[in-house]
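Me: Please take a close look at a single part of this structure. I am in my first year, so explain each term as it comes up.

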Amino acid sequence: PGTARFVAHPPKCSRAACPVVERSGPRTMVLKEGNMEGDEARYLASYNHSFKGLIQSKPQRPGFEHGGNLRRSLDFTWPVVTCFILTMAAFLLPRVLSILCILGVIYILFRLKCVLGVLLLSVLVGKIHKNHHERAVVYWTWFPCWKFLFCLLASTMGGFMGHHLWKNYWQQYSEISLLKAYRGIDPAVVPGAQIQDAGAVDFASTAGIDSEHAGCFMNAGRTYCIAPIVTNGTMLQNVGGAPRYGSYDYFAVGVDCCSCPDINFRCGAWRHPWAEGGIRSTDLEARPFYRLAVEAWASTYRKTSNHPLFFEWVDSPVAHWKSLRQNFWKFVAWSLLLWSLTTFSLGFTLARLQQALVVHGWACPSSTPPPPAGFESAWQSFLPEMMESYKESLPQRAGSTAETPDSLYGAVDTSSSSA
């Protein structure tokens with residue numbers, strides 16, 4: 001390296017026994033035997049002076065810039081995760097905000113669809129898939145295709161998750177929060193008409209559910225179960241017997257937790273003897289079938305129910321109401337974390353696969369052709385990286401053979417056959 005030159009093989013003597021001459025500029029210095037530095041000895045013992053490596057080595061194939069995989073992974077992750085969040089939030093937010101979330105998802109999908117559309121039209125109109133530009137087509141369509149597909153998947157999965165969270169947690173929590181909580185309600189004394197705004201009710205310690213005198217109603221393969229909430233957990237057996245106000249108004253309910261017509265009520269905390277509270281049922285779809293089950297129950301046992309209220313039997317209504325919010329946020333946090341990590345890992349894997357395609361010569365960003373006539377503004381708007389890659393290659397192409405539209409878009413390349 002530099003101006004130094006070493007004579008590695010003097011004639012008629014071994015490397016260790018002969019002096020080595022080093023030239024630096026016009027001066028010549030003779031190194032004495034046994035006075036050679038370790039680095040110089042290793043250098044002379046190496047094969048760096050041989051031209052074998054230069055002759056047999058393969059040209060270095062194009063690779064990615066430092067940090068390119070990470071950047072591509074993040075660029076892949078954010079639209080997919082955003083679609084998941086917006087579709088999930090559309091089921092949980094008020095109507096106006098839900099519409100805005102849906103419009104946001106539509107905008108992301110529409111823009112990705114436009115990117116694919118511009119690429120497809122450029123390939124068909126400009127024929128950039130021909131004449132040694134097919135590798136550029138593979139490279140620039142790789143991530144847009146995967147982005148669009150996984151944004152569709154994220155929108156679907158976000159919708160399923162949002163519906164699950166709304167149905168099982170947030171709907172009941174938000175509706176119960178608008179109602180009132182009552183304590184010490186005796187079902188034999190307080191009529192249902194008096195607490196129609198009840199959301200969480202702690203009944204008197206003597207109250208319980210009479211699971212042996214329950215009722216049911218079947219519809220479309222589902223069983224809607226009801227059981228009266230009465231004092232001492234036992235319904236009055238005499239004909240027409242009822243609480244003091246003359247009506248049975250409190251019922252524990254559930255879906256597919258009993259057998260019909262042989263009643264075997266197993267809904268909620270039915271097996272907990274210390275459970276003495278109910279959280280108001282907010283299932284609007286099941287409510288009319290609960291009413292039909294109460295009517296069938298009243299007809300069977302010859303009882304009266306003027307203002308029936310439906311509750312899910314729980315250990316502590318207020319604690320259950322608070323747990324709905326805690327479980328909701330827990331599921332939201334875990335779903336966002338797992339989906340983000342999974343999407344990022346997938347994006348990084350796709351980036352590595354794209355890198356492998358480039359290394360093995362199946363894809364290449366450097367052979368990007370110019371946009372077809374009339375597509376310049378579309379490329380600038382939807383394919384900015386592809387347009388930038390073409391502009392960066394212009395100085396290199398200026399020094400080479402001039403490119404004509406025929407050579408770029410579909411003309412037959414005869415240079416290889418002439419060889």
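Reply: **The helix packing and the core around it**

Helices α5 and α7 pack with their axes 10 Å apart, at an angle of about 175°. Here a helix is a DSSP run of H or I with at least four residues, a strand is a run of E with at least two, and both are numbered from the N terminus. An axis is a line fitted to C-alpha atoms, for helices over the stretch in contact, and angles between N-to-C directions run from 0 to 180 degrees. α5 and α7 are therefore roughly antiparallel to each other. The cut-offs are these: under 35 degrees counts as roughly parallel, over 145 as roughly antiparallel, 65 to 115 as roughly perpendicular, and the rest as oblique.

This is a predicted model, in which local features need pLDDT of at least 70 and side-chain atom pairs count only at pLDDT 80 or more, while totals for chains, interfaces and linings use all residues. Residues are numbered from 1 along each chain as its sequence is written, and side-chain values use heavy atoms, with hydrogens and water left out.

What meets between α5 and α7? Their contact has 27 nonpolar, eight polar and one charged residue. Nonpolar covers Ala, Val, Leu, Ile, Met, Phe, Trp, Tyr, Cys and Pro; charged covers Asp, Glu, Lys and Arg; the others, Gly among them, are polar.

Now add α3. Its axis comes within 7 Å of that of α5, and the two cross at roughly 30°. α3 and α5 are therefore roughly parallel to each other. Their crossing is right-handed, a word used when the near helix is turned clockwise from the far one by less than a right angle; anticlockwise would be left-handed. The contact of α3 with α5 has 15 nonpolar, five polar and three charged residues.

α3 also meets α7. Their axes come within 8 Å and cross at roughly 145°. This crossing, too, is right-handed. Its contact holds 16 nonpolar, nine polar and two charged residues.

Next, the core. The largest nonpolar core has 42 residues, and Val 80, Cys 151, Leu 165, Phe 328, Trp 379 and Leu 383 touch the most other members. Such a core is a set of buried Ala, Val, Leu, Ile, Met, Phe, Trp, Tyr and Cys residues joined through side-chain atoms within 4.5 Å. Buried means under 20% relative accessible area, exposed over 50%, and partly exposed in between, with a 1.4 Å probe and protein chains only. Two or more residues come from each of α3 (68-90), α4 (95-126), α5 (134-177), α7 (317-359), α8 (376-382) and α9 (384-392). α5 gives the most, with 13 residues.

Take Leu 383. Leaving aside neighbours within four places in sequence, it is in contact with Val 115, Val 118, Leu 119 and Ala 378. Contact means heavy atoms within 4.5 Å.

Two other residues are worth a stop. Lys 322 lies in α7. Lys 322 is partly exposed, with a relative accessible area of 41%. Its C-alpha atom is 7.9 Å from that of Tyr 173, although the two are 149 residues apart along the chain.

Thr 282 sits in the loop between β10 (277-280) and α6 (287-301). Thr 282 counts as buried, at 8% relative accessibility. Beyond neighbours within four places in sequence, its contacts are Gln 171, Gln 172, Glu 175, Ile 176 and Arg 287.

Finally, the whole chain. It has twelve helices and eleven strands. Of its 419 residues, 39% are buried.
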